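Grab a pencil and open the viewer. Here are a few exercises, each with a worked solution to check yourself against.

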Amino acid sequence: MAQLLTLEASQFHAGEQAIHRLLHIPQRGNPTNHGLPAPHGYRISQSPLVAFGALDRGGRPWATIWGGEAGFCRPIARGVLGVQATTDVNHDPVLRGLLENEESGKVVDDAVVQPDGGRLMAGLSMDLETRDRVKIMGRMVVGTVNLTEPGVGDLQLAFQVEECLGNCPKYITRKHVVPHIPKPELVSGEIGKSDPLPKEALEVISKADMFFIASKFGDRSMDTNIRGGAPGFVRVLRNSPATHDGGGGVSLVYPEYSGNRLYQTLGNLQQNPEAGLVIPNFETGDVLYLTGKTTILVGEKAGKVMPRTKLAVRIDVLQARFVKNGLPFRGTNIEYSPYNPAVRPLACEKESAVTGTEAGNGGVATARLVDRRVITPTVSQYTFKLVGGSAKTAPLKAWLPGQHVTLDFAPELDIGYSHMRDDDPQSLNDDFVRTFTVSRPLDPSFVDENGVLKEGVEPEVEITIKRHGPATRFLERWNMRVPLEIPVLGFGGVEGFRLPSGLKDGVSVFVAAGVGITPLMAQAAGVLGAARGEKGLRLLWSLKGEDLPLAVDVLERTRGLGEVTKIFVTGKIGENERSLIARVRSVGAEVLERRIDRSDVLSEGEKGKRKLYCCTGPELMRVLLKWTEGEEVVYESFEY
């Protein structure tokens, strides 16, 4: 999936480091970027929604969602985003935290608010149709709102961005979003103080497949992030009137699924256990805002509250407000995330209280391993045969070249919670769900006129992967004489990473490192065939000497690809590598025994007439984005 990467490294703060130690996360650099690079600003401008977090006058975090169509939040100066949005003036806690008059406690019509030093805030831009998203943190430097009708106003503010980062898309439901004029109606404003959640708010929680959470690290920074899952993944632990002796109140619990393992939200909560949540209903525009105190539940503590869970967060609500028709947009579902685990009820609930959903129901098909081919000491190719899903699943839509398959290894690898796993400490919060790019196109004879697989066919799915982590080690060591079946959770992939089949005036430049070639492997034949001799595709491929057998395999299997390829070989080059280089050159590829540099990339095509597709490791990606700033670049990362 496309993921925004960053150009400069920051340091993890004390809370993040504490969570990493608690969960045995290997040391790594913090990929958070300083400022707002142009590619990030462009993606934000293409996002129809941004979730924002800010602090109220008591220093408590709240969260909200603004937008409805792309362009409402966009760069207006270097490192500055301009926001123009229709908002709920009376009940939106973030707007009030940013613009509320300190003396009157109200938002004043047309008053310009320009606080000294700005006001701390954070955001998460989202294009839910593509799952593209960028986290941003900084300060509001100036803002105002013009009242247009009762309870509604047009907001304008300038947001100075200090940090930004792309985050994990694994559990996000794809949605189509359109703008809508809100007509906010406050149902209850004393939730948590004295009142329980009303029935309508409980319905919003039960249907929610995502919410947004704002947290803070002292008075230095904030974070706004998303949590997603199958509808019902957020559970209500208690919901009763608060009593004078501290009993009752409102508490929610949600599982922390395995993501990119940065744990920035949990790191903030470890230091400052306050959080603000916004839980939207995209269909009705109803919204629940809440702020409260969190408790991070790990291991046995998590399992006692939510069985089969290794990591969870409890929120004891201190204040909340439920607003009907309060959101400035509407959304309809396109596709649930194939990563979604099944809903996990609380220990105090009965299993029958949890209803099933098409998201997280155990898979759409089963992949039976039928072949394994070792290409290099660390790279292997696996072929699976799809052998049908459950009777409840809809017909399986055909996947497209360049898309990925999501496999669930939990039945084979998850041994349940263990306080210590010295053999594999990283598995303590691992859901064992993995995504691999499909490296061979689907046989078109298996697909009907509606784009779904024909009934009774058993197509093969090929993946080419490098050994990294428990799932790939498991496949590498499997005894091929023993049958192995893995649940398939789905197929997907960002449409933008599919190469055009033909360009009238321009060139597609694909930059790959190592197994980053896999998105091209299934697309190359079709792209080259459509080009009909035109050089509309160029491949720049960086490889270590030990991975040259992969280059030989790919180029010899794909007619014509060698003629548009430059390979950059680093590392040890011995006699065996020399013979492999000769084979690569024999199919028309150019081989250079050095690292790829700026001129190699910028010499392919003309600026404005080329589109770059990059699939590399994070270090090379940062360099590539610097070299190509201001150009059209699509890039892939699998850092989650």
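**Exercise 1.** Work out in which sense strands E4 and E5 pair in this predicted model, and what happens at the turn between them.

*Solution.* Start with the ranges: E4 covers residues 73-77 and E5 covers residues 80-88. Next, look at the pairing, which is antiparallel and runs over 4 bridges. Now go to the end of E4, where Ala77 has Val80 of E5 as its bridge partner. That leaves 2 residues between the strands of the hairpin. Finally, check the backbone there: Gly79 takes a positive phi near 75°.

**Exercise 2.** Glycine was the easy case. Find where Arg131 and Asn325 sit, and decide whether Arg131 is buried or exposed.

*Solution.* First, recall the background: most residues other than glycine have a negative phi. Arg131 goes the other way, with a positive phi near 65°. Its place is the loop between strand E6 (119-127) and strand E7 (132-149). For burial, the cut-off is under 20% relative accessible area. Arg131 comes in at 8% relative accessibility, so it counts as buried. Asn325 also has a positive phi, about 55°, without being a glycine. You'll find Asn325 in the loop between strand E17 (311-324) and strand E18 (329-335).

**Exercise 3.** Describe the largest nonpolar core and follow the contacts of Phe52.

*Solution.* Begin with the count: the largest nonpolar core has 53 residues. The residues with the most contacts inside this core are Phe52, Trp66, Leu98, Leu99 and Phe212. Then pick Phe52 and skip its neighbours within four places in sequence; its contacts include Trp62, Trp66, Val83, Met121, Phe159 and Thr224. There is also a second, separate core, with 35 residues, among them Ile19, Phe211, Leu266 and Leu311.

**Exercise 4.** Zoom out: how many helices and strands does the protein chain have, and what share of its residues is buried?

*Solution.* Tally the elements first, and you get 14 helices and 30 strands. For burial, 58% of the 640 residues count as buried. Then turn to sequence separation: among contacts between residues at least 6 apart, 74% join residues at least 24 apart. Last comes the surface, at about 26900 Å², with 48% belonging to carbon and sulfur atoms.

**Exercise 5.** Which stretches should you flag for pLDDT under 50?

*Solution.* Take the average first: the chain has a pLDDT of 87, and 89% of the residues score at least 70. Residues 1-9 stay under 50, with 55 contacts beyond four places in sequence in the model. Residues 417-428 are also below 50, and that stretch has 21 contacts beyond near neighbours in sequence.

Note on methods
Residues are numbered from 1 along each chain as its sequence is written. This is a predicted model: local features need pLDDT of at least 70, side-chain atom pairs count only at pLDDT 80 or more; totals for chains, interfaces and linings use all residues. Side-chain values use heavy atoms; hydrogens and water are left out. pLDDT is the predictor's confidence in each residue, from 0 to 100. Contact means heavy atoms within 4.5 Å. Two strands pair if DSSP finds at least two bridges between them. Buried means under 20% relative accessible area, exposed over 50%, partly exposed in between (1.4 Å probe, protein chains only). A nonpolar core is a set of buried Ala, Val, Leu, Ile, Met, Phe, Trp, Tyr and Cys residues joined through side-chain atoms within 4.5 Å. Accessible areas come from the Shrake-Rupley method with a 1.4 Å probe; for residues, only the protein chains shown count as cover.
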